[in-house]
Amino acid sequence: MLSISLFVEFLRGRPLVLFWTMAASQIVLWTLIPALFYSAPPGELSVALLIGREFRLGSEFGPPLAFWLAEIAYRAAGMFGVYLLSQLCIVTAYWAVLRLARDIVGTTLAVMAVLLMAGIAVLSVPTPEFRPGIMATPLWALVLLHRSEEHTSELQSLAYLVCRLLLEK
């Protein structure tokens, strides 16, 4: 008897539901686990909060937007708000990649690509540490999405050519 994984059937039948389930679990897990179990802010997050508290236009640590948003989130909801902001940035990047990939390869393969993206350690484990790199992830994904919507036909033909070169024997 042939059996197929429930996950594969769900991916084939309702890929967007699977994507939003994964996105919600990313937000819930990586917001609650650090909020409940971290005794201190991870990595350079304490430095980011100190820099953001001053609302300076520039520093040697990088562009100020991430520091400002971290401070605003901290004032609004404490460390839980900073962890939530970080996960919202990551899920926004996932959404932008999904939209971009959906135009190129279709919904099912786009969801599969984002699910594989979620398995990359850089986009999961260090994400509670909100910093300019985490802030840049959705911004770059949105820039690429916007750029692709302007030049959809060129992007599709280039992606098709690259996929044919990489996937065909």
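This is a short walk through some of the side-chain and helix contacts in the structure above. Please keep in mind that the model is a predicted one.

Let us begin with the aromatic rings. Two aromatic pairs are counted in this model. One of them joins Phe-19 and Trp-20, whose ring centres lie 4.8 Å apart. Their planes meet at 75°, and an angle over 60 degrees counts as edge-to-face, so this pair is edge-to-face. The two partners sit in contrasting surroundings: Phe-19 is buried, with a relative accessible area of 0%, whereas Trp-20 is partly exposed at 46%.

The rings of Tyr-38 and Tyr-83 also make a pair, with centres 6.3 Å apart and planes at 90°, so this pair too is edge-to-face. Here it helps to look at where the two tyrosines come from. Tyr-38 belongs to the loop that runs between helix H2 (15-37) and helix H3 (45-54), while Tyr-83 belongs to helix H4 (residues 64-105). Because the two are 45 residues apart in sequence, their pairing ties together separate parts of the chain. Tyr-38 has a relative accessible area of 34%, which makes it partly exposed. Tyr-83, on the other hand, is buried, at 2%.

Staying with helix H4, have a look at Gln-87, which lies in this helix. Is the residue buried or exposed? Gln-87 is buried, with a relative accessible area of 0%. Its neighbours help you picture the setting. Leaving aside residues up to four places away in sequence, Gln-87 touches Gln-26, Ile-27, Trp-30 and Thr-31, and also Thr-127 and Pro-128.

Further along, H4 packs against another helix. Two packed helices are described by the angle between their axes and by the distance between those axes. For H4 and helix H5 (residues 107-118), the angle is about 145° and the axes are 8 Å apart. The crossing of H4 with H5 is right-handed. On the H4 side, the contact is made by Tyr-94, Val-97, Leu-98, Ala-101, Arg-102 and Val-105. They meet Thr-107, Leu-109, Ala-110, Val-111, Val-114, Met-117 and Ala-118 from H5. What kinds of residue make up the contact of H4 with H5? Eleven are nonpolar, one is polar and one is charged.

Finally, let us turn to the charged pairs. How many salt bridges does a search of the whole structure find? The search finds two. In one of them, the side chains of Arg-12 and Glu-9 come together with an N to O distance of 2.8 Å. Both residues sit in helix H1 (residues 6-13), and because they are three residues apart, about one helical turn separates them. Arg-12 is exposed, with a relative accessible area of 51%, and Glu-9 is partly exposed at 36%.

The salt bridge between Glu-71 and Arg-75 brings us back to helix H4. The closest N and O atoms of Glu-71 and Arg-75 are 2.8 Å apart. These two residues are four residues apart in H4, so about one helical turn lies between them. Their surroundings contrast: Glu-71 is buried, with a relative accessible area of 1%, while Arg-75 is exposed at 56%.

Notes: Residues are numbered from 1 along each chain as its sequence is written. This is a predicted model: local features need pLDDT of at least 70, side-chain atom pairs count only at pLDDT 80 or more; totals for chains, interfaces and linings use all residues. Side-chain values use heavy atoms; hydrogens and water are left out. Rings of Phe, Tyr and Trp (its six-membered ring) pair if their centres lie within 6.5 Å; planes under 30 degrees apart count as stacked, over 60 as edge-to-face and the rest as tilted. Buried means under 20% relative accessible area, exposed over 50%, partly exposed in between (1.4 Å probe, protein chains only). Axes are lines fitted to C-alpha atoms, for helices over the stretch in contact, and angles run from 0 to 180 degrees between N-to-C directions. A crossing is left-handed if the near helix is turned anticlockwise from the far one by less than a right angle, and right-handed if clockwise. Contact means heavy atoms within 4.5 Å. Ala, Val, Leu, Ile, Met, Phe, Trp, Tyr, Cys and Pro count as nonpolar, Asp, Glu, Lys and Arg as charged, and the others, Gly among them, as polar. A salt bridge is a side-chain nitrogen of Lys or Arg within 4 Å of a carboxyl oxygen of Asp or Glu.
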